[in-house]
Amino acid sequence: MTTETVILAKNLSKTFGANVVVDSLSFDIHRGEVFGLLGPNGAGKTTTIRMLAALIAPTSGEAIVSGYSVLSLGHLIRRKIGILTESPGLYDGLNAERNLSFFAQMYDLENPEQQIEKYLKMLGLWERRFDLVSEFSKGMRQKLALARALLHEPEILFLDEPTSGLDPEMARLVRDFINEVREQGRTILLTTHNLDVAEDLCDRVGILKTRLLALSEPGILRRDLFGRAVVFHLGQPATGYLDMVKSLSSVQSAEAIENKLVLKLADPETENPAIVRILVEASADIQFVGEIRRSLEDIYLQIVRDDEAKQL
Amino acid sequence: MNKVISIIKKEWSEVFKNRLVLFSTIFLPLLLTAIPLVILYSLVGSGSADSFSLGELSPQFQSVCGDLKVGECNQFVIITQFMPMFLMMPGIIPVTIAAYSIVGEKTSRTLEPLLATPISTIELLLGKGLAAALPAIIATWLAFGVFVLGAIVMRLAPSIIEKFFEALWLIAIFIVGPLLAMASVSFAVMISSRTSDARVAEQISGLFVLPVVALIIAQVSGAIFLNETLILWIALVLVLVDVVLIYIAVKLFQRETILTRWR
């Protein structure tokens, strides 16, 4: 990943009639970065991708994609991007190879056969290339749609819900493939409901609900929202030690749950040894110490709930 | 142009897998060619055409016959009654193909990935339009060829056969036919962009053929007579109709509308 900005959204907004779908969205994405847009249904994720792909025009604001404005140079942007739409949108009456060769012609590829072979083999569909797409499973369709999005070697890839509706095995395959694509240095903007996917793939995430509610690396969002919490499993009820640990200056907050002490600390690596010593001196039997890792789902839910609370 | 050709090929390989489309494209020209041939055969065989006297025909009919003898003129007048049937083909066939081609994209959600490629709206519409219009135009020309061949086989007078290669028929088949096909496709595109059911689109677009049916009725009832002047006027009006319909079809076929309102 470099610091070169390849996607820049400036106060991007979209309304349909009186309905504000995207409101003043601003962010930038660097070359080689995987950026995730997370948000509930109707949050404006697909509309944002469509605006960035120059498929629909913003009502106000602007976006620069690969150096071109979405307002005036959409035809140039479409040469630089690949898109996996929410629905694979394949021609059921054609076979896999014919689906790809049609799109290769749309991009005026010089060596379509080579590209088709490359991606069908990468995605394990080479043996099925002459089968009608109507005979394909949902996962195979999604893989074929991914191959189509990459056929012309785009520098930016938009993936709208890439693992939606796939079984865990197929979702894992698609996820691994996206990781492979990422390693090739492409810039990826993905939307997903699957927060494990976002956690696994994204360098940064933006939480969208018409407006951008948060934008950062998952780790930073986690720290900012929840701090860092450490759990001490004791051999006895934890309540007896609660007041003692609360009095320590390094402990931001403490909670006793049965045999567990849950402490919020600014810097566990530095502060843990001293706390362990104090507990041992107080005759606590420490069985296990570990950090409580908040998932991206916790972060997402917290941010969305905070926003809903603000709206009330 | 490569993209347009690719779209045409793709459309044909998809659309002609639909039995209804295939049936309309093949059956309709066969039917509309067979009917005039059968009637012509029965008239020639029974000598009914010769039994009319030229005096029973209107002056308009007489004027188009030129140097033809009485019996030949009668046969030619009867043959000219069939001309609107050949104009029905380019009016009806593209409606079926265009309705399935465009509404098919809508229902299978294949249009968004296509619109995300560098293809322009004009290339896309041209490809889809030609994919629908060309089979109809080719079918009409083939049907006309078969009809002329049938007339030759039935030993119609060479002077009547020659009339098929004069301006009236040539303008009708090679100019009015394609113009009708273009108008029909544009109309189907307009209707298809406002409905999500291919059959509904086909039925509504089918209304486009009503003016041609009206032409048949007017011709048979003697209200009008298709001569060179009238067919040229029809061609001219169709050029204007085409321009207006293509303009409206392109206006309605906006990328944003397609993506955000097509459900």
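Visitor: Which residue does A:D108 form a salt bridge with?

Guide: In this predicted model, A:D108 pairs with A:R79, and the closest N and O atoms are 3.4 Å apart.

Visitor: Where do those two sit in the chain?

Guide: A:D108 is in the loop between helix 3 (96–106) and helix 4 (112–122) of chain A, while A:R79 belongs to helix 2 (residues 74–80) of chain A, so the salt bridge ties together parts that are 29 residues apart in sequence.

Visitor: Are they buried or exposed?

Guide: A:D108 counts as partly exposed, at 40% relative accessibility. A:R79 also counts as partly exposed, at 39%.

Visitor: Why would side chains like these pair up?

Guide: Side chains of opposite charge can pair when their charged atoms come close.

Visitor: How many salt bridges are there over all chains?

Guide: The count comes to 26 over all chains. One of them joins the side chains of A:R141 and A:D92, at 3.1 Å from N to O. A:R141 lies in helix 5 of chain A and A:D92 in the loop between strand 6 (81–84) and helix 3 of chain A, so this pair ties together parts that are 49 residues apart in sequence. A:D92 is partly exposed, with 32% relative accessibility.

Visitor: What about A:R228 and A:E291, how far apart are their closest N and O atoms?

Guide: Those atoms are 2.9 Å apart, and the two residues form a salt bridge. The pair links distant parts of the chain, with A:R228 in strand 11 (residues 228–234) of chain A and A:E291 in strand 14 (residues 286–292) of chain A, 63 residues apart. A:R228 is partly exposed at 23% relative accessible area, and A:E291 is partly exposed at 42%.

Visitor: Which residues are linked in a network of salt bridges?

Guide: A:E4, A:R31, A:K80 and A:E155 are linked that way.

Visitor: New topic: rings. How many aromatic pairs does the structure hold?

Guide: There are 16 aromatic pairs over all chains. In one of them, the rings of B:F23 and B:F27 have centres 4.7 Å apart and planes at 10 degrees, so that pair is stacked.

Visitor: How many residues apart are those two in the helix?

Guide: B:F23 and B:F27 are 4 residues apart in helix 2 (residues 19–46) of chain B, which means about one helical turn separates them. B:F23 is partly exposed at 48% relative accessibility, and B:F27 is partly exposed at 39%.

Visitor: And how are the rings of B:W141 and B:F174 arranged?

Guide: Their centres are 5.0 Å apart and their planes are at 45 degrees, so the pair is tilted. B:W141 lies in helix 8 (residues 121–153) of chain B and B:F174 in helix 10 (residues 167–192) of chain B, so the pair ties together parts 33 residues apart in sequence.

Visitor: Which aromatic cluster do they belong to?

Guide: B:W141 and B:F174 are part of one cluster that also includes B:F82, B:F86, B:F144, B:F147, B:F164 and B:W169.

Visitor: Back to B:F23 and B:F27. What surface patch do they help make?

Guide: Together with B:L31, B:I35 and B:I39, they make a nonpolar surface patch of about 410 Å². B:L31 is placed in helix 2 of chain B and is partly exposed, at 35% relative accessibility.

Visitor: Which ring does the charged end of A:R129 sit over?

Guide: It sits over the ring of A:W126, 3.8 Å from the ring's centre. Elsewhere, A:R148 lies over the face of A:F103, at 5.0 Å from the ring centre.

Visitor: Which residues other than glycine have a positive phi?

Guide: A:E153 is one of them, with phi of about 50 degrees. A:E153 is found in the loop between helix 5 (138–150) and strand 7 (156–160) of chain A. Another is A:T210, where phi is near 70 degrees.

Visitor: What confidence does the model have in chain B?

Guide: Chain B averages a pLDDT of 82, and 90% of the residues score at least 70. Among the elements of chain B, helix 8 has the highest mean pLDDT (90) and helix 3 (residues 48–51) the lowest (52). Where pLDDT is low, the predicted coordinates should not be read in detail.

Visitor: What are the ipTM and pTM scores?

Guide: The model scores 0.80 for ipTM and 0.80 for pTM.

How values were computed: Residues are numbered from 1 along each chain as its sequence is written. Chains are lettered from A and ligands numbered from 1 in the order in which they are written. This is a predicted model: local features need pLDDT of at least 70, side-chain atom pairs count only at pLDDT 80 or more; totals for chains, interfaces and linings use all residues. Side-chain values use heavy atoms; hydrogens and water are left out. Rings of Phe, Tyr and Trp (its six-membered ring) pair if their centres lie within 6.5 Å; planes under 30 degrees apart count as stacked, over 60 as edge-to-face and the rest as tilted. Buried means under 20% relative accessible area, exposed over 50%, partly exposed in between (1.4 Å probe, protein chains only). A charge sits over a ring if NZ of Lys or CZ of Arg is within 6 Å of the ring centre and within 35 degrees of the ring normal. pLDDT is the predictor's confidence in each residue, from 0 to 100. Patches are made of residues with over 30% relative accessible area and no salt bridge: like charges are joined within 9 Å, nonpolar side chains (Val, Leu, Ile, Met, Phe, Trp, Tyr) within 5 Å. Accessible areas come from the Shrake-Rupley method with a 1.4 Å probe; for residues, only the protein chains shown count as cover. A salt bridge is a side-chain nitrogen of Lys or Arg within 4 Å of a carboxyl oxygen of Asp or Glu.
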